[in-house]
Amino acid sequence: MIPPERVRNFSIVAHIDHGKSTLADRLLEATHTIDPRQMTSQVLDSMDLEREKGITIKARAVRLHYEGRDGQTYALNLIDTPGHVDFSYEVSRSLQACEGAILVVDASQGIEAQTLANAHLAFAQELVIIPVINKIDLPSADPDMVMAELEETLALPREEAILASAKEGIGIDEILEAIVTRIPAPGGDASVPLQALVFDSHYDPYKGVVAYVRVANGTLHDHERIRFMATEAESEILELGYFRPQPVPTRTLVAGEVGYVASGLKSIREARVGDTLTSANRRAPEPLPGYKQALPLVFAGIYPLRGDDYPLLRDALDRLHLNDASFVYEPESSVALGFGFRCGFLGLLHMEIVQERLEREFDLELIASAPSVEYRVRTVHGTDELVVDNPAQMPSAGDIETISEPWVEAQVLTPTEHIGPIMELATSRRGEFKSMEYLDPTRVDLHFEMPLAELIIDFYDLLKSRSSGYASLDYTYIGYRPGDLVKLDVLVNAEPVDALSLIVHRSNAYAAGKTLVERLKALIPRQLFEVPVQAAVGSHIISRETIRAMRKNVLAKCYGGDVTRKRKLLEKQKEGKQRMKRIGSVEIPQEAFLAVLRMNESNG
């Protein structure tokens, strides 16, 4: 049993692809946490999806036992965190369970947008920061430049920086020693009533909800009765333990320790991330502060390909939400796609990851609608603002007084030679330039304010192509602003099709409408009558294409003879087509809806 004064809780934070997972691997190796025969790269990235994409998606907790230079054995609780901007909520939750953070910076790339964002999250939690300059073995490495950046940008003294190469194993001992000497032991009193913060959880079919906890005060005992303070759910602990990185059962967890509690609860809604765990017999007077609610920025509909998979999708979303509390969902139905769910995500990558996890982990075939943002609409008659995240819910044009859209502040770090193309890209997306700051003679920090709707589709991809892959992006939500926005309707055979509506800026309406009707003309099969496909803003038609009618050759049986016979047959066919046009309906195939959902991706 290691006493609380020899426990250290820390996270590793970094920009995506700066070597954070590799450093975690080396720390596990150096402390003999994993048998060398079982060692693989990215050992904490346990999902296939994480390995394929080379990114960390979920925070993972693991306990390392380290023998310090003072001869004492320390318990180091490492909580590994993601690096991509879409998963910053996961990072902020992890940091709340720690006293210190290792800030990893690539020696060849220097400080990037997410490095700054994660460092500021750590500063806000008042954590001790240990700067580590990684990848010093690369030919292009420039540790002196990175040290100067750390001093100027984050006010971290260069003497505190540790030079390392996670790949080569350089500097690992110095990092472990710095964790022990610089990061304070956790506070908390083991004798007072139990308070433990639930910072993550997953569902196990045999053990029920397994909550990952950081014990703030008190002591957790195996098989005692516990209570979740927010939901008031009670249960008996089936198993108590910590991760190395596989679960290791233990008898107790005391104040300051990180571990897991198999609660036996079968209802997923009874154990929430951010809740406080206490003893059922000796309750804590009040819960811990918990977490700030995540703010979804991107919305999309997720529908099962087969309608009878709807209950399976509902169960899958319930279970996934337990493991990733940062997305929200509610049922909705669409004329075109049937029953499904309207989901809110932190960003486009987050949406893609949630969809792939649903498909892989729960064996579902899904369709996702085009991503959109949440608009606020003030009507002429109403006093309250309507919240609209689906164009089909938009009131008619005559009833709308103003439409407001969410704006973000975007921070772009780039080499100086790419300033021109990036400025041009941002202004073409209705961005407003705010400031420019030189980090050193070759790198610059640009700040823009722009509508979130313009940023979520393909801005990041275009930014990478305009900067040869060197620019990095981070963004923060700053609020709603009114804009000149309109609802773009699609009419097929003079009938509006709700599922194909879009909300666009008035200046982009004509281009979007033209692309939309051209795409639909190619995809809707020809009928026996002429079908007009129109794009409209309000009652104003802005673009039209016509799907030509299929024609039966009624003159095939006529040869020679009087022309009046032929004319009579053609007139009869024409009358039939007009009658058919009045009563006929056009079936729009699934591919047409899918093509429109993907329209933004190919238009860039």
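1. Phe-243 is a good place to start: this residue is buried, with a relative accessible area of 10% (buried means under 20% relative accessible area, exposed over 50%, partly exposed in between, using a 1.4 Å probe and protein chains only). Please keep in mind that this is a predicted model, where local features need pLDDT of at least 70 and side-chain atom pairs count only at pLDDT 80 or more, while totals for chains, interfaces and linings use all residues. Residues are numbered from 1 along each chain as its sequence is written, and side-chain values use heavy atoms, with hydrogens and water left out.

2. The structure holds seven aromatic pairs (rings of Phe, Tyr and Trp, the last by its six-membered ring, pair if their centres lie within 6.5 Å; planes under 30 degrees apart count as stacked, over 60 as edge-to-face and the rest as tilted). One of them is the tilted pair of Tyr-212 and Phe-243, at 5.0 Å centre to centre and 55° between the planes. Tyr-212 belongs to strand β8 (residues 208-217) and Phe-243 to strand β12 (residues 239-243), so this pair ties together parts that are 31 residues apart in sequence. Helices (H or I, at least four residues) and strands (E, at least two) are DSSP runs, numbered from the N terminus. Tyr-212 is buried too, with a relative accessible area of 11%.

3. Phe-243 also forms a tilted aromatic pair with Tyr-260, with 5.1 Å centre to centre and 45° between the planes. Here the link runs between distant parts of the chain, from Phe-243 in strand β12 to Tyr-260 in strand β15 (residues 258-262), 17 residues apart. Both Phe-243 and Tyr-260 are buried.

4. Elsewhere, do have a look at Tyr-310, Tyr-329, Phe-339 and Phe-341, which ring pairs link into a cluster.

5. Two arginines deserve a glance as well. The charged end of Arg-376 sits over the ring of Tyr-480, 4.0 Å from its centre (a charge sits over a ring if NZ of Lys or CZ of Arg is within 6 Å of the ring centre and within 35 degrees of the ring normal). Arg-481 lies over the face of Trp-407, at 4.5 Å from the ring centre.

6. Last comes helix α9 (residues 419-428), whose buried residues are Ile-419, Ile-422, Leu-425 and Ala-426. Viewed down the axis of α9, these buried residues fall within an arc of 130°, so they line one face of the helix (the arc is that of the directions from the helix axis to the C-beta atoms). Glu-424 and Ser-428 are exposed residues on the face of α9 turned away from its buried side.
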